Amino acid sequence: MATTAKLYSLSLNNTNTYLIATVFIVGNLLLPQLAHLVPQGGFIFLPIYFFTLIAAYKYGIHVGLLTAILSPLANNLIFGMPPAAVLPAIIIKSAILAVAAATAAKHFGKVSLLGILLAIITYQVIGTGIEWAMTQNFMAAVQDFRIGVPGMLIQLIGGYFVLKALAKV
């Protein structure tokens, strides 16, 4: 399933890059608050990554990386979540997702379930390896695969439909 879409690659000297990133950062502030209403909702739904995926796939690497890095930092400063101890791993995974999603969008040139899936698999596999190396704790590193599969499915299906809805924008 794929649909044609306007995909962008906004540069850092474009004011729209920062305005659009701000919108996605706000989304990444609000969605985790909703997810945390469910016990272990952050671990299950992986909400901090959702708008990073959309931002990078639709608007390119710069919007994606701004969203990926600033969302977890803002969440930590405002809400204390994610905790500082896991912040480096989440920022690294977010940045990998931004690069993977922007790369997939550029490669496929359209909203593609396969492209989104590859971006998700890429950030999870590489991110898990890096987190394992950082923490020396295999079980903590594979937590997303143990209980975060619903979140990855939301990223895949929800991401596809949000990107499809944004296709004309």
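How much accessible surface does the chain have, and what share of it belongs to carbon and sulfur atoms? In this predicted model, the accessible surface comes to about 8300 Å², and carbon and sulfur atoms hold 74% of that area.

A good place to begin a tour is the overall build of the chain. Its secondary structure consists of nine helices and two strands. Read from the N terminus, the elements follow the order β-α-α-α-α-α-β-α-α-α-α. The chain has a radius of gyration of 15 Å, close to the 15 Å expected from the globule rule for 169 residues, so it is as compact as a globular protein of that length. Along the principal axes, the C-alpha atoms occupy a box of roughly 40 × 30 × 30 Å. Of the 169 residues, 46% count as buried. Contacts across the sequence are also worth a look: among those with a separation of 6 or more, 73% join residues that are 24 or more positions apart.

With the outline in place, attention can turn to the pockets. The largest pocket holds about 600 Å³ of space. Its lining is made up of 27 residues, and those closest to the pocket centre are Phe43, Pro82, Val86, Ile90 and Gln143. Several helices take part in this lining: α1 (15-35), α2 (41-45), α5 (87-108), α6 (113-135), α7 (138-141) and α8 (143-147) each give two or more residues to it. In chemical character, the lining of the largest pocket comprises 16 nonpolar residues, eight polar ones and three charged ones.

The second largest pocket contains about 190 Å³ of space. Which residues line the second largest pocket? Its lining is formed by Leu7, Tyr8, Ser9, Ala56, Tyr57, Gly60, Ile61, Val99, Ala102, Thr103, Ala105 and Lys106. Two helices, α3 (50-59) and α5, each supply at least two residues of this lining. The leading contributor is α5, which gives the most, with five residues. By residue type, the lining of the second largest pocket divides into eight nonpolar, three polar and one charged.

Helix α5 therefore deserves a second glance by anyone exploring the model, because α5 gives two or more residues to the lining of the largest pocket and gives the most to the lining of the second largest pocket.

Technical notes
Residues numbered from 1 in each chain as written. Predicted model: local features only at pLDDT ≥ 70, side-chain atom pairs only at ≥ 80, totals over all residues. Heavy atoms only, no water. 1 Å grid on protein atoms, 1.4 Å probe; cavity = no way out; pocket = protein on both sides within 12 Å on 5 of 7 lines; lining within 4 Å. Points joined across faces, edges and corners; volume = space filled by probe spheres on them. Helix = DSSP H or I, 4+ residues; strand = E, 2+ residues; numbered from the N terminus. Nonpolar A, V, L, I, M, F, W, Y, C, P; charged D, E, K, R; others polar. Rg over C-alpha atoms; globule rule 2.2 N^0.38 Å. Buried < 20%, exposed > 50% of the residue type's maximum accessible area, 1.4 Å probe, protein only. Contact = heavy atoms within 4.5 Å. Areas by Shrake-Rupley, 256 points an atom, 1.4 Å probe, with all protein chains shown as cover.
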